[in-house]
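Trainee: I should like to understand how the terms used for a protein structure are justified. May we go through one example together?

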Amino acid sequence: MSSDNLTVKEIVEDLQILRVRYELPDSSAFVRYEPRFDDSQPEELTVHSSWGVPSVGADKTGKFTLPNLVNELQYAYILAHMFPNVQAMEYFLAGFDTSLSQLEFIGGNYDFDRMWISSGVSNLGIPMAIFLGQRNAVNGQPSVTLVDHRKEATGQVVYRAVRGAGEHVGEDFYSEE
């Protein structure tokens with residue numbers, strides 16, 4: 001089955017987002033969420049970082065479906081964007097980078113340390129860009145939102161998971177038109 005033909009429910013059930021721990025030269029580390037991770041090629045990392053220090057190693061430390069991922073988060077939110085092909089994903093990311101550069105040029109300030117982007121092709125063969133933000137996004141709770149760019153270039157929110165009390169997850173599917 002082509003990834004274009006997957007329904008949102010199938011994607012939510014079968015998509016795997018990976019937690020990766022990146023080690024820095026000063027012995028500190030940070031965690032990012034990735035659509036893919038190749039243990040044999042850690043230099044091929046897709047994390048955009050403002051400090052410019054490359055990591056010295058990385059390890060996969062977890063694997064989550066979208067509803068499980070929301071219980072992993074404490075003070076953060078994730079926007080997972082899926083695209084029809086790698087070129088569309090790269091175009092989207094290039095436009096985002098250009099916008100932030102323009103903001104900086106006109107004197108604006110954007111805290112890149114609070115914006116983390118990873119990209120790659122998921123286990124379902126879907127090109128994805130994952131944005132990790134550092135705040136609670138919905139009703140004071142962590143959330144995971146899936147944005148579908150496969151049919152509409154601007155993207156459409158098709159799924160959201162919001163953590164509730166304990167392990168409870170509130171899920172919303174939005175219509176696929």
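Mentor: The discussion below takes up confidence, strands, salt bridges, aromatic rings and burial in turn.

Mentor: This is a predicted model, in which local features need pLDDT of at least 70 and side-chain atom pairs count only at pLDDT 80 or more, while totals for chains, interfaces and linings use all residues. Residues are numbered from 1 along each chain as its sequence is written, and side-chain values use heavy atoms, with hydrogens and water left out.

Trainee: What is the average pLDDT of the protein chain, and what share of the residues scores at least 70?

Mentor: pLDDT is the predictor's confidence in each residue, from 0 to 100. The protein chain averages 79, and 75% of the residues reach at least 70. Among the elements, which are DSSP runs numbered from the N terminus (helices: H or I, at least four residues; strands: E, at least two), helix 3 (residues 86-105) has the lowest mean pLDDT, 73, and strand 7 (residues 143-148) the highest, 94. Over residues 42-50 the pLDDT stays under 50. For that segment the model has 20 contacts beyond four places in sequence, a contact being heavy atoms within 4.5 Å.

Trainee: What makes strand 1 and strand 3 a pair?

Mentor: Two strands pair if DSSP finds at least two bridges between them. Strand 1 (residues 17-23) and strand 3 (residues 57-64) share 7 bridges in the antiparallel sense, so the definition is met. Strand 2 (residues 29-34) also runs antiparallel to strand 1, with 6 bridges. Strands 1 and 2 form a hairpin with 5 residues between them, and Ser27 in the turn has a positive phi of about 75°.

Trainee: Which residues stand opposite Arg19 in these strands?

Mentor: In strand 3 the residue opposite Arg19 is Gly62, and in strand 2 the bridge partner of Arg19 is Tyr33.

Trainee: Why is Arg19 called buried?

Mentor: Buried means under 20% relative accessible area, exposed over 50%, and partly exposed in between (1.4 Å probe, protein chains only). Arg19 has 18%, so the residue counts as buried. Strand 1 is mostly covered, with 5 of its 7 residues buried.

Trainee: How do you know that Arg19 and Glu72 form a salt bridge?

Mentor: A salt bridge requires a side-chain nitrogen of Lys or Arg within 4 Å of a carboxyl oxygen of Asp or Glu. The N to O distance between Arg19 and Glu72 is 2.6 Å, so the pair qualifies. Arg19 lies in strand 1 and Glu72 in helix 2 (residues 66-72), so the salt bridge ties together parts that are 53 residues apart in sequence. Glu72, at 22% relative accessible area, is partly exposed.

Trainee: How many salt bridges does this rule give?

Mentor: The count comes to 3. One of them joins Glu23 and Arg21 at 3.8 Å, N to O; Glu23 is partly exposed at 29%, as is Arg21 at 35%. Another joins Arg150 and Asp148 at 3.0 Å, N to O. Arg150, at 12%, counts as buried, and Asp148 is buried at 9%.

Trainee: Why is the pair of Phe83 and Phe92 called tilted?

Mentor: Rings of Phe, Tyr and Trp (its six-membered ring) pair if their centres lie within 6.5 Å; planes under 30 degrees apart count as stacked, over 60 as edge-to-face and the rest as tilted. A search of the whole structure finds 2 aromatic pairs. In the pair of Phe83 and Phe92 the centres are 5.2 Å apart and the planes stand at 50°, so the pair is tilted.

Trainee: What makes the pair of Phe92 and Phe131 edge-to-face?

Mentor: The centres of these two rings are 6.2 Å apart and the planes stand at 85°, so the pair is edge-to-face. Phe92 lies in helix 3 and Phe131 in strand 6 (residues 127-133), so the pair ties together parts that are 39 residues apart in sequence. Phe83, Phe92 and Phe131 form one aromatic cluster. Phe83 is buried at 3% and Phe131 at 8%, whereas Phe92 is partly exposed at 23%.

Trainee: How do you know whether His149 is buried or exposed?

Mentor: The relative accessible area of His149 is 4%, so the residue is buried. His149 lies in the loop between strand 7 and strand 8 (156-163). Beyond residues up to four places away in sequence, His149 touches several residues, including Phe83 and Phe92.
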